[in-house]
Amino acid sequence: MLSRRMLISGLAALAIAPAAGAAELPDLKGRTVVVVTENAYPPLQFVDPKSGMAIGWEYDAMNAIAKRLNVKVEYQNTSWDAMIQAVSDGQYDIGMTGITIKDDRREKVDFSHPYMRSQQLMLVRGDEKRFTDAKGFAALEKGLIGAQAGTSPFYTAVYEILDGNEQNPRIKLFETFGATVQALKAGDVDLVLTDSTAGEGYVKASGGSLKLIGQPLGTEDFGFIFKKGSDLVSPVNAAITALKVDGTLDALNKKWFLDYKMGQ
């Protein structure tokens with residue numbers, strides 16, 4: 001399992017040196033900004049099973065950005081497969097759900113500066129002994145991977161674990177990341193690829209029924225997404241820089257990746 005210390009080290013790699021004199025942030029004068037998310041990616045954003053409230057690292061970060069820019073945030077929900085297109089079409093101002101910054105996505109949306117770096121890992125059942133790495137899984141002819149179409153884990157499964165065929169029947173598609181994890185727990189699939197942030201959250205909440213195995217399969221930078229040409233990109237980037245410089249993002253990393261206990 002990837003240790004929490006390693007995870008925080010990876011996040012810290014995105015820290016930037018303070019610019020000469022912290023620039024004053026723009027004042028957006030109470031403007032309402034609609035932010036859409038999926039609430040299915042703990043500890044980034046999820047529904048707390050005790051309170052029923054939507055919480056997580058990204059909520060705290062976005063609220064801190066909103067405070068510094070003087071904007072009012074309205075949160076809405078949609079599915080992952082609809083999110084990028086919906087933001088591209090202007091249905092929402094900002095999208096947040098651990099979205100990997102990728103060149104092909106830049107064709108549809110603008111990205112903020114990276115606010116987090118993570119790595120993809122193999123999430124399996126706690127009693128899995130048939131394979132311990134990607135090569136071992138590939139050799140397991142009847143082994144199935146659960147994934148969401150169009151996501152980084154999907155493409156990693158296709159091109160780094162299997163044979164490069166996006167129609168490979170060994171990949172079972174689901175609408176949400178949470179559904180892939182439920183399928184894994186139920187024995188309907190044998191492997192789910194996840195970034196380390198979400199993987200850590202699910203393992204902590206599983207009571208030993210899930211574990212992370214193997215070596216990292218890649219590094220991902222996460223960013224918020226906007227409609228192409230959005231005038232919010234520059235202010236949000238300035239706010240992300242300020243949150244890195246003043247230690248806010250480090251504090252959120254500690255809160256959600258070290259201190260928070262899922263389900264407690």
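Two strands pair if DSSP finds at least two bridges between them. Helices (H or I, at least four residues) and strands (E, at least two) are DSSP runs, numbered from the N terminus.

The model is predicted: local features need pLDDT of at least 70, side-chain atom pairs count only at pLDDT 80 or more, and totals for chains, interfaces and linings use all residues. Residues are numbered from 1 along each chain as its sequence is written, and side-chain values use heavy atoms, with hydrogens and water left out.

**Figure 1. The whole chain holds 10 helices and 14 strands.** Buried residues make up 50% of its 264 residues. Buried means under 20% relative accessible area, exposed over 50%, and partly exposed in between (1.4 Å probe, protein chains only). The accessible surface of the protein chain is about 12,100 Å², and 51% of that belongs to carbon and sulfur atoms. Such areas come from the Shrake-Rupley method with a 1.4 Å probe; for residues, only the protein chains shown count as cover. Contact means heavy atoms within 4.5 Å. Of the contacts with a separation of 6 or more, 78% are between residues 24 or more positions apart.

**Figure 2. Strand β1 (31-37) pairs with β5 and β6.** β1 and β5 (residues 71-77) run parallel and are joined by 7 bridges. Val35 has Tyr75 as its bridge partner in β5. β6 (residues 94-95) also pairs with β1 in the parallel sense, over 2 bridges. Here Val36 has Gly95 as its bridge partner. Because 5 of its 7 residues are buried, β1 is largely enclosed by the rest of the structure.

**Figure 3. The largest nonpolar core has 46 residues.** A nonpolar core is a set of buried Ala, Val, Leu, Ile, Met, Phe, Trp, Tyr and Cys residues joined through side-chain atoms within 4.5 Å. Trp57, Ile65, Ile94, Leu123, Phe224 and Val236 touch the most other members. Elements that each supply at least two residues include β1, α2 (57-69), β8 (116-125) and α9 (233-245). α2 gives the most, with 8 residues. Leaving aside neighbours within four places in sequence, Ile65 is in contact with Phe224, Val236, Ala239, Ile240 and Leu243. A second, separate core has 17 residues, among them Phe154, Ala157, Ile171 and Ile213.

**Figure 4. Helix α3 (residues 80-88) has buried residues.** They are Trp80, Met83, Ile84, Ala86, Val87 and Ser88. An α-helix has 3.6 residues a turn, so residues three or four places apart point the same way. The cover over the buried residues of α3 includes β1, β6, α4 (103-106), β7 (109-111) and β14 (225-227). Just after α3 comes Gly90, with a positive phi of about 85°.

**Figure 5. Asn39 sits in the loop between β1 and β2.** Asn39 counts as buried because its relative accessible area is 16%. Setting aside neighbours within four places in sequence, Asn39 is in contact with Gln45, Phe46, Val47, Ala54, Tyr59 and Asn77. Asn39 and Ala54 are 15 residues apart in sequence, and their C-alpha atoms are 6.9 Å apart.

**Figure 6. Three loops carry backbone details: a cis peptide bond and positive phi values.** The cis peptide bond joins Pro42 and Pro43, with omega about 5°. Pro43 lies in the loop between β2 (40-41) and β3 (45-47). Lys29 has a positive phi near 55°, in a residue other than glycine. Lys29 is in the loop between α1 (4-12) and β1, and it counts as exposed because its relative accessibility is 68%. Asn70 also has a positive phi, near 60°. Asn70 is in the loop between α2 and β5 and counts as partly exposed, at 35% relative accessibility.

**Figure 7. The largest cavity has a volume of about 200 Å³.** A search of the whole structure finds 3 cavities of 30 Å³ or more. On a 1 Å grid over the protein atoms alone, a cavity is a set of points where a 1.4 Å probe fits but cannot get out; lining residues have an atom within 4 Å of a point. Grid points are joined across faces, edges and corners, and a volume is the space filled by probe spheres set on the points. The largest cavity is lined by 21 residues, of which Tyr41, Gly98, Gln148, Thr151 and Pro153 are the closest to its centre. β11 (191-195) is one of the elements that supply at least two lining residues. β11 gives the most, with 3 residues.

Conventions: 1 Å grid on protein atoms, 1.4 Å probe; cavity = no way out; pocket = protein on both sides within 12 Å on 5 of 7 lines; lining within 4 Å.
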